[in-house]
Amino acid sequence: MKLLAVLFAVAANPILFVTQVPVDGDFTTVTSTFGNHRSPVDSAPRGGDLWIRYPDGSLKNLTRAAGFGNDGRQGASSIAVREPSVHWSGTKALFSMVIGAPLEQYRYRDGDYWQIYELTGLGKTDTPTIRKIANQPASYNNVSPIYASDDRILFTSDRPRNGARHLYPQLDEYEEAPTVTGLWSLNELTGELRILNHAPSGVFSPSIDSFGRVIFTRWDHLQRDQQADTDVLDGTNVYGTFDYADESENAARMATRTEVFPEPRSARTDLLAGTNLEGLSINHFFPWEMNEDGTSEETLNHIGRHELHRYFNRSLNDDNALREFAREGNTILNMFQIREDPAKPGRYVGNDAPEFGTFGSGRIVAIQAEPGRNPDEMRVEFLTPNGNDTYRDPLPLANGELVFVHDFRLKFADGTPLTTGLAADVSWWTPDVLATFKGTQWELQPVEVRPRPRPPLRATPLEEPEARVFREEKVDPEAFRADLRRRGLAAVVTRDVTRRDRADTQQPYNLHLPGKPAPLAGKSYEVAHMQFFSAQQVRGVNAPGRRVLARDAGTVAVAADGSVAALVPASRALSWQTTDSAKTPVVRERYWITLQPGEVRVCNSCHGVNTRDQVGQQASQQAPEALRKLLREWKKTPSKRRAAR
């Protein structure tokens with residue numbers, strides 16, 4: 001009786017989850033950390049289902065009850081399912097499903113993709129029904145669907161950023177494996193589809209928190225192409241890397257492998273020789289946030305490597321003021337499968353898993369990160385013991401309890417399983433051989449079925465320093481944004497690029513404007529320009545698809561007060577670096593950022609100041625003169641003057 005009391009206490013609401021026939025490999029398969037969107041049977045074996053567990057412990061196979069899926073030999077009507085998410089009303093749910101498996105040996109099925117479906121009839125005595133979401137990209141893998149606050153559907157997809165099929169698939173920046181291209185937004189009724197962020201290596205597991213922020217994991221791997229480096233260093237051209245002249249379908253294949261940003265990897269000793277560069281390595285999966293319209297994309301509360309990592313290297317080796325970064329305390333490398341704790345708003349629970357070898361499982365961790373919490377105040381909390389890192393898919397419940405997947409079974413925090421095990425007896429053509437599985441399936445991706453308040457649709461207002469410039473220049477910010485939207489542009493504004501957070505001593509921080517003194521003694525660095533780069537799919541390999549490379553998108557001068565303002569392409573990943581008067585790079589951005597058409601994105605500095613900069617000052621609040629100059633230039637065009645106040 002005591003055990004039953006515990007079970008009832010932690011299972012006050014139904015729990016949706018999926019079963020998955022176990023996979024053999026952990027590279028771009030359905031439970032891998034990356035590339036898990038692939039739909040062939042070798043990546044996602046068919047035979048699993050969508051299940052619901054009711055508070056009394058009873059179970060229902062929802063997909064079978066709705067007429068989908070089968071036991072035995074898998075074929076044209078067989079399914080795999082993934083990632084359910086519940087509507088705000090608690091009465092329906094989205095999930096992704098792929099239908100079909102090879103019917104004969106050596107016969108591939110090219111037309112099977114993960115598609116989004118909606119399930120109704122979740123009650124214990126209801127008959128479930130499943131319908132396919134209309135107007136979604138039909139010939140692409142659409143996964144991780146969630147309901148937006150206004151009932152749009154947000155999801156990740158491997159649809160090319162601009163819909164051009166010849167760019168399919170986008171290849172990641174690591175192994176040049178297929179990846180999703182970003183987070184997308186769909187109005188099912190009208191068919192309006194737009195990309196919210198362009199992610200060169202992929203985004204994963206979005207959710208919307210109680211504050212209206214879209215929270216997701218993003219793969220940050222902005223470094224040069226290791227396959228191309230191998231082709232050059234070995235001289236064997238084993239990967240067959242080359243450059244296209246541009247992104248067009250008939251672009252010329254170039255006899256070059258040109259990369260200009262960021263700096264070379266440490267393996268390219270030939271490129272580093274004679275320079276002061278250490279060689280760049282960056283590869284992690286961090287928590288990110290954005291508004292539901294795709295604006296204000298940044299790491300969660302602007303947290304970064306200084307707050308989460310244990311170690312990373314400095315960028316230059318000839319300046320003793322620059323140091324390798326090392327810290328003690330609880331640190332993580334990655335954070336997957338992030339969910340807000342409904343009993344503790346602003347607390348986010350996730351999984352620190354390695355990128356390979358564990359089928360996406362690791363240690364369960366938590367971070368307190370409600371809006372406004374400074375990264376200097378954010379600490380990692382370990383929720384599961386060290387040394388037994390086979391946990392994934394954490395689910396904080398509304399009553400304060402925790403459910404997770406442990407050893408690929410759903411369990412309560414005390415280790416009690418939610419089920420007695422769900423068996424399958426299936427076989428399928430791989431298609432080269434006949435594979436079989438008879439045993440207990442994996443249980444994955446639980447979600448709680450309950451009504452929830454709809455979060456607000458957030459918008460990021462102009463802060464006072466920039467609003468003041470608009471007022472003084474008599475420009476209506478909304479008219480300015482509308483003009484940028486029409487032109488597919490966004491505006492980037494930085495108040496003072498000479499300022500950097502006090503923790504960042506890995507890149508140059510003793511910065512000064514041309515002809516002005518540096519704030520600190522010792523080696524100093526002039527910053528005169530900001531150079532922008534756009535993510536262009538122009539790297540080819542011996543496989544379909546293309547990888548992103550950074551290509552020059554223009555340069556603007558730093559204003560006399562240290563500010564920068566520029567109009568940049570929207571809906572495409574961007575990065576940037578400051579340079580001196582000779583165009584030598586000084587401080588390089590380490591992340592890709594996507595801006596929406598019409599967005600005015602403001603940073604207080606490059607590596608924005610958390611609490612204090614390198615000379616002990618708080619974040620800049622100056623009105624940026626570069627923005628003033630940009631608005632004056634904008635008003636010179638007659639159509640723009642009519643939009644000014």
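Here is a chat about sheets, cavities and aromatic rings in a predicted model.

Biologist: Before we start, what kind of model is this?

Modeller: It's a predicted one.

Biologist: Okay, sheets first. In what order do the strands S22, S23, S24 and S25 sit in their sheet?

Modeller: The order is S22-S23-S24-S25, in an open sheet with antiparallel pairing.

Biologist: And which strands stand at the edges?

Modeller: Those are S22 (336–340) and S25 (380–382). Each has a single partner strand, so one side of each is left without a neighbour in the sheet.

Biologist: How much does the sheet twist from one strand to the next?

Modeller: The twist averages 25° per step from strand to strand.

Biologist: Let's zoom in on S24 and S25. How many bridges do they pair over?

Modeller: Three, in the antiparallel sense, and S24 covers residues 363–368. You can look for Ala-366, which has Glu-381 of S25 opposite it.

Biologist: Now S27 and S28. How many bridges join those?

Modeller: Four bridges join them, and the two strands run antiparallel. S27 is residues 402–406, and S28 is residues 409–412. One pair to find is His-406 with its bridge partner Arg-409 in S28.

Biologist: What happens in the hairpin between them?

Modeller: There are two residues between the strands, and Asp-407 takes a positive phi near 55°.

Biologist: Which way do the side chains of S28 point?

Modeller: Arg-409 and Lys-411 point one way, while Leu-410 and Phe-412 point the other way. That fits the general picture: in a regular strand, side chains alternate between the two faces of the sheet.

Biologist: Are those four buried or exposed?

Modeller: All of them are buried, Arg-409 and Lys-411 included.

Biologist: Changing topic: how many cavities of 30 Å³ or more are there?

Modeller: The count comes to five. The largest cavity holds about 350 Å³ of space.

Biologist: Which residues lie closest to the centre of the largest cavity?

Modeller: Of the 26 residues lining the largest cavity, the closest to its centre are Glu-83, Ser-205, Gln-337, Asp-393 and Gln-445.

Biologist: Which elements give two or more residues to that lining?

Modeller: They're the strands S5 (79–86), S9 (142–147), S14 (203–208), S22, S26 (391–396) and S31 (442–448). S22 is one we met at a sheet edge.

Biologist: How does the lining of the largest cavity divide by residue type?

Modeller: It divides into eleven nonpolar, ten polar and five charged residues.

Biologist: And how much space is in the second largest cavity?

Modeller: About 50 Å³. Its lining includes Glu-173, Gln-223, Arg-547 and Trp-592, and the whole lining divides into seven nonpolar, one polar and four charged residues.

Biologist: On to aromatics. How many aromatic pairs does the search find?

Modeller: There are 24 in the whole structure.

Biologist: Why is the pair of Phe-34 and Phe-356 called edge-to-face?

Modeller: Their ring centres are 5.6 Å apart and their planes stand at 70°, so the pair is edge-to-face. Phe-34 is in the loop between S1 (15–20) and S2 (50–53), and Phe-356 is in the loop between S23 (347–352) and S24, so the pair ties together parts 322 residues apart in sequence.

Biologist: How accessible are Phe-34 and Phe-356?

Modeller: Phe-34 is buried, with a relative accessible area of 2%. Phe-356 counts as partly exposed, at 32% relative accessibility.

Biologist: What about Phe-470 and Phe-480?

Modeller: Their centres are 5.6 Å apart too, with the planes at 65°, so that pair is edge-to-face. Phe-470 lies in helix H6 (residues 464–472) and Phe-480 in helix H7 (residues 477–487), so this pair ties together parts ten residues apart in sequence. Both rings belong to buried residues.

Biologist: Which residues do ring pairs link into a cluster?

Modeller: The cluster holds Phe-27, Phe-34, Tyr-174, Phe-204, Trp-219, Phe-285, Phe-336 and Phe-356.

Biologist: Where does Tyr-174 lie?

Modeller: Tyr-174 lies in the loop between S11 (170–171) and S12 (182–186). Tyr-174 is buried, with a relative accessible area of 14%. From Tyr-174 to Gln-223 there are 49 residues in sequence and 8.5 Å in space, C-alpha to C-alpha.

Biologist: Last one: how far apart are Leu-489 and Pro-544?

Modeller: They're 55 residues apart in sequence and 30 Å apart in space, C-alpha to C-alpha. Leu-489 is in strand S32 (residues 489–494), and Leu-489 counts as buried at 19% relative accessibility, because the cut-off for buried is under 20%.

How values were computed
Residues numbered from 1 in each chain as written. Predicted model: local features only at pLDDT ≥ 70, side-chain atom pairs only at ≥ 80, totals over all residues. Heavy atoms only, no water. Pairing = 2+ DSSP bridges. Axes fitted to C-alpha atoms, helices over the stretch in contact; angles between N-to-C directions. Buried < 20%, exposed > 50% of the residue type's maximum accessible area, 1.4 Å probe, protein only. 1 Å grid on protein atoms, 1.4 Å probe; cavity = no way out; pocket = protein on both sides within 12 Å on 5 of 7 lines; lining within 4 Å. Points joined across faces, edges and corners; volume = space filled by probe spheres on them. Nonpolar A, V, L, I, M, F, W, Y, C, P; charged D, E, K, R; others polar. Phe/Tyr/Trp six-rings, centres within 6.5 Å; stacked < 30°, edge-to-face > 60°.
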